[in-house]
Amino acid sequence: MLLNNVWRNYFEKTIFILSCFTFFSLGITEVQAEEENLSTDIPKLVYDLKQGGIQSVESISPEGDQLIIEVEEMPSYLRAVKNGTYKISASTSGQWKASYQISVSGNKITKAYSPSIVAYTGSFTKAELKLDSSIQSTYYLKKKGGLFTTSINLRAKLLSNKISITY
């Protein structure tokens, strides 16, 4: 009888441990699937160099906040039609704002400069502006809010007569 109780306790503990393992494994899989779905919908603005001026788009960030992406042509009197200086900016209402400028000459981004960030909530733990190639610049940011850290990559990519801005 004592041997029976030992096996019964062992069996119950084993079933309990396997049930907990299965329950937590399924929960982790669901979270990963949600993160993958969020990352596929990237907010984007395609700026038309021929149109010029200020062009913006409102969207929803992957975190669910209202996101505004804007490109502003900076005034200059000594340049060709496609060449110029452009201010790239993105912001979420009440959360953060980031911007930088690029210089375009001869269908190439020649310079990325004047980075600026403001955190209305939380803080930025990383801010690095890079000229990735002759047609792409990226402002790499990491924002900490509470327990979570979010990566923000404000990217400008030069296309034929256009600048594609992604967040």
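**Entry 1: a pocket lining**

I began with the second largest pocket and sorted its lining by class: four residues are nonpolar, six polar and three charged. The model I am reading is a predicted one. For the volume of this second largest pocket I noted about 270 Å³.

I then listed who lines the pocket. The lining comprises 13 residues, and those nearest the pocket centre are Glu63, Lys143, Gly145, Phe148 and Thr150. Which strands each supply at least two residues of this lining? I found β8 (136–145) and β9 (148–159). Strand β9 gives the largest share, with four residues.

**Entry 2: the sheet**

I next traced the sheet to which β8 and β9 belong. It is an open sheet of five strands, ordered β1-β10-β9-β8-β7, and the pairing is antiparallel. At its edges I found β1 (44–48) and β7 (123–133), each of which pairs on one side only. I recorded an average turn of 15° between neighbouring strands of this sheet, with direction ignored. As a reminder to myself, strands of a sheet pair through backbone hydrogen bonds, in either a parallel or an antiparallel manner.

I looked more closely at the β1 edge. Strand β10 (residues 162–166) runs antiparallel to β1, and five bridges join the two. I checked one of these positions: aspartate 48 has lysine 162 in β10 as its bridge partner.

**Entry 3: salt bridges**

I counted the salt bridges and obtained three for the structure.

I took up lysine 162 and aspartate 48 again, since I had just met them as bridge partners in the sheet. Their side chains also form a salt bridge, with the closest N and O atoms 3.8 Å apart. What does this pair tie together? Lysine 162 belongs to β10 and aspartate 48 to β1, so the contact links parts that are 114 residues apart in sequence. I looked up the accessibility of both ends. Lysine 162 has a relative accessible area of 31% and is partly exposed; aspartate 48, at 22%, is also partly exposed, because the buried class requires a value under 20%.

I then turned to glutamate 128. Its side chain meets that of lysine 126 in a salt bridge with an N to O distance of 4.0 Å. With lysine 130, glutamate 128 forms another salt bridge, at 3.8 Å from N to O. Through shared partners, Lys126, Glu128 and Lys130 are joined into one network. Are the members of this network buried, partly exposed or exposed? I noted 32% relative accessibility for glutamate 128, which counts as partly exposed. Lysine 126 has a relative accessible area of 33% and is partly exposed, and lysine 130 is partly exposed at 38%.

**Entry 4: positive phi**

I finally examined backbone angles, bearing in mind that most residues other than glycine have a negative phi. Asparagine 107 departs from this, with a positive phi of about 60° although it is not a glycine. Where is asparagine 107 placed? I located it in the loop between β5 (96–105) and β6 (108–119). Its relative accessibility is 45%, so asparagine 107 counts as partly exposed.

Serine 114 is another residue other than glycine with a positive phi, near 55°. I found serine 114 within strand β6. At 40% relative accessibility, serine 114 is classed as partly exposed.

Definitions and conventions. Residues are numbered from 1 along each chain as its sequence is written. This is a predicted model: local features need pLDDT of at least 70, side-chain atom pairs count only at pLDDT 80 or more; totals for chains, interfaces and linings use all residues. Side-chain values use heavy atoms; hydrogens and water are left out. On a 1 Å grid over the protein atoms alone, a cavity is a set of points where a 1.4 Å probe fits but cannot get out, and a pocket is an open set with protein on both sides within 12 Å along at least five of seven lines; lining residues have an atom within 4 Å of a point. Grid points are joined across faces, edges and corners, and a volume is the space filled by probe spheres set on the points. Ala, Val, Leu, Ile, Met, Phe, Trp, Tyr, Cys and Pro count as nonpolar, Asp, Glu, Lys and Arg as charged, and the others, Gly among them, as polar. Two strands pair if DSSP finds at least two bridges between them. Axes are lines fitted to C-alpha atoms, for helices over the stretch in contact, and angles run from 0 to 180 degrees between N-to-C directions. Buried means under 20% relative accessible area, exposed over 50%, partly exposed in between (1.4 Å probe, protein chains only).
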